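User: Please examine the model shown below and answer a series of questions about its residue environments and packing.

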Amino acid sequence: MWSCGVNFPNLARNMVKAKKFVLVKHFVGEPKESDLELVEEELPPLKDKEFLCEAEYLSVDPYMRPYTARYPTGVTMVGSQIAKVIESKHPDYKVGCHVVGQLGWRTKTVVNGDKPLEGGLNVKAAVIPDLKGLPLSLALGMLGMPGNTSYFGFLEICDPKPGEVVVVSGAAGAIGSHVGQIAQIKGCKVIGFAGSDDKVKWLVDELKFDAAFNYETTDVTKALKQAAPNGVDCYFDNVGGTLSSAIISCMNERGRISVCGSISSYNADIKNMPSAPIVQLAVVSKQLKMEGFLTYRWLDRWNEGIMQNLQWIKEGKLVYRETVTEGFENMTKAFIGMLRGENTGKAIVKA
């Protein structure tokens with residue numbers, strides 16, 4: 001466990017007031033601001049082994065949209081954040097340290113440092129080590145869950161080889177842009193699909209993808225025949241739907257598909273999901289491997305991914321971009337905008 005700073009004497013204090021977003025209505029179609037309510041609460045004095053932290057950066061991610069369906073209304077909206085410890089009765093969480101974890105959409109949180117956070121992942125709040133001058137917010141992006149999603153989800157499932165062709169959908173998002181760069185590091189040719197011309201330009205000009213296309217205005221199959229005339233070897237799928245069906249149809253024999261998400265269907269009615277061309281014919285005839293995953297499969301290797309991504313950033317091999325929304329009160333707006341694809345790179349809210 002990393003630690004920093006010093007513990008100050010815990011003086012008697014009044015109740016601390018905090019704000020949080022509560023899920024008051026399950027999302028139907030695209031989330032609406034009225035589905036979440038900003039409320040105030042009072043936090044009690046600390047007990048032994050607890051600490052009080054204040055949010056500085058909060059994450060908005062695609063998984064939040066389907067994830068909330070498993071919870072009843074009335075719960076605090078799920079999500080991870082970076083928070084500063086401002087009071088502590090736990091020796092490992094000292095005042096002045098920063099922690100990252102699934103603390104939800106809250107401005108202040110009382111945490112028992114010896115117990116896992118909510119979410120059923122058996123993960124405690126983690127003290128953020130010295131990032132050597134890099135932005136603290138990277139602990140929610142390339143040096144956090146999205147970074148490890150990219151690192152493990154791509155390398156472990158796709159097992160890319162030098163010279164192979166890798167296609168990434170949702171390529172301008174936090175995970176897609178990261179996966180594409182790892183593929184380059186591994187000596188692969190990288191093709192990205194994104195939802196706007198500006199994002200395509202960023203992928204090609206700054207991230208140096210070999211090719212990128214706007215899937216809203218491009219015939220995917222024709223684009224791949226042009227950019228990858230010898231076929232696709234690896235596909236990292238963030239989107240699903242018709243886009244993924246078209247990409248899978250262009251894959252080579254014994255190709256590998258890593259399914260990270262299906263953002264094209266997240267806002268759909270669960271009883272009327274959008275249809276897409278079948279992929280089984282291509283999977284069977286080309287002997288493709290297609291595997292979905294959850295990042296926390298690699299919890300026992302978590303630090304490996306963070307340290308490797310940190311090294312690549314220091315070496316200039318990974319470029320990052322953040323779309324930052326100012327103000328905790330704008331969490332819902334940032335969340336909806338992220339699901340609409342308004343962000344480039346990691347979507348973050350600065351509290």
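User: Which residues is lysine 49 in contact with, leaving aside its neighbours within four places in sequence?
Analyst: This is a predicted model, numbered from 1 along each chain as its sequence is written. Local features need pLDDT of at least 70, side-chain atom pairs count only at pLDDT 80 or more, totals for chains, interfaces and linings use all residues, and side-chain values use heavy atoms, with hydrogens and water left out. Contact means heavy atoms within 4.5 Å. On that basis, and without neighbours within four places in sequence, lysine 49 is in contact with Lys89, His90, Pro91, Val111, Asn112, Gly113 and Asp114.

User: What distance separates the C-alpha atoms of lysine 49 and asparagine 112?
Analyst: Lysine 49 is found in the loop between S2 and strand S3 (50-59); strands (E, at least two residues) and helices (H or I, at least four) are DSSP runs, numbered from the N terminus. Lysine 49 and asparagine 112 are 63 residues apart along the chain. Their C-alpha atoms are separated by 5.8 Å.

User: Is glutamate 41 buried or exposed?
Analyst: Glutamate 41 is found in strand S2 (residues 36-43). Buried means under 20% relative accessible area, exposed over 50%, and partly exposed in between, with a 1.4 Å probe and protein chains only. Because its relative accessibility is 16%, glutamate 41 counts as buried.

User: With which side chain does the side chain of glutamate 41 make a polar contact?
Analyst: A polar contact is a pair of N or O atoms within 3.5 Å; within protein, one must be able to donate a hydrogen and the other to accept it, and residues adjacent in sequence count only if both atoms are side-chain atoms. Not counting residues up to four places away in sequence, glutamate 41 touches Val16, Lys17, Ala18, Lys20 and Arg106. The polar contact, at 3.3 Å, is with the side chain of lysine 20.

User: Why is helix H9 (residues 331-339) largely enclosed by the rest of the structure?
Analyst: The buried residues of H9 include Phe335, Ile336 and Leu339. They pack against strand S1 (16-23), S2, S3, helix H1 (64-67), strand S14 (322-326) and strand S15 (346-350). H9 is largely enclosed because the number of its 9 residues that are buried is 8.

User: Which element gives the most residues to the largest nonpolar core?
Analyst: A nonpolar core is a set of buried Ala, Val, Leu, Ile, Met, Phe, Trp, Tyr and Cys residues joined through side-chain atoms within 4.5 Å. Of the 45 residues in the largest one, Ile82, Leu143, Phe154, Val166, Leu203 and Phe236 touch the most other members. Elements giving two or more residues include helix H2 (145-158), strand S8 (165-169) and helix H8 (302-314). With 7 residues, the element that gives the most is H2.

User: At what angle do the axes of helix H5 (residues 220-227) and helix H6 (residues 241-248) cross?
Analyst: Axes are lines fitted to C-alpha atoms, for helices over the stretch in contact, and angles run from 0 to 180 degrees between N-to-C directions. The contact is made by Val220, Thr221 and Leu224 of H5 and Leu243, Ala246 and Ile247 of H6. The two axes come within 9 Å and cross at roughly 35 degrees.

User: How far apart in space are methionine 290 and valine 99, C-alpha to C-alpha?
Analyst: Methionine 290 is found in strand S13 (residues 289-292). Methionine 290 is partly exposed, with a relative accessible area of 41%. Methionine 290 and valine 99 are 191 residues apart in sequence. Their separation in space, C-alpha to C-alpha, is 35 Å.
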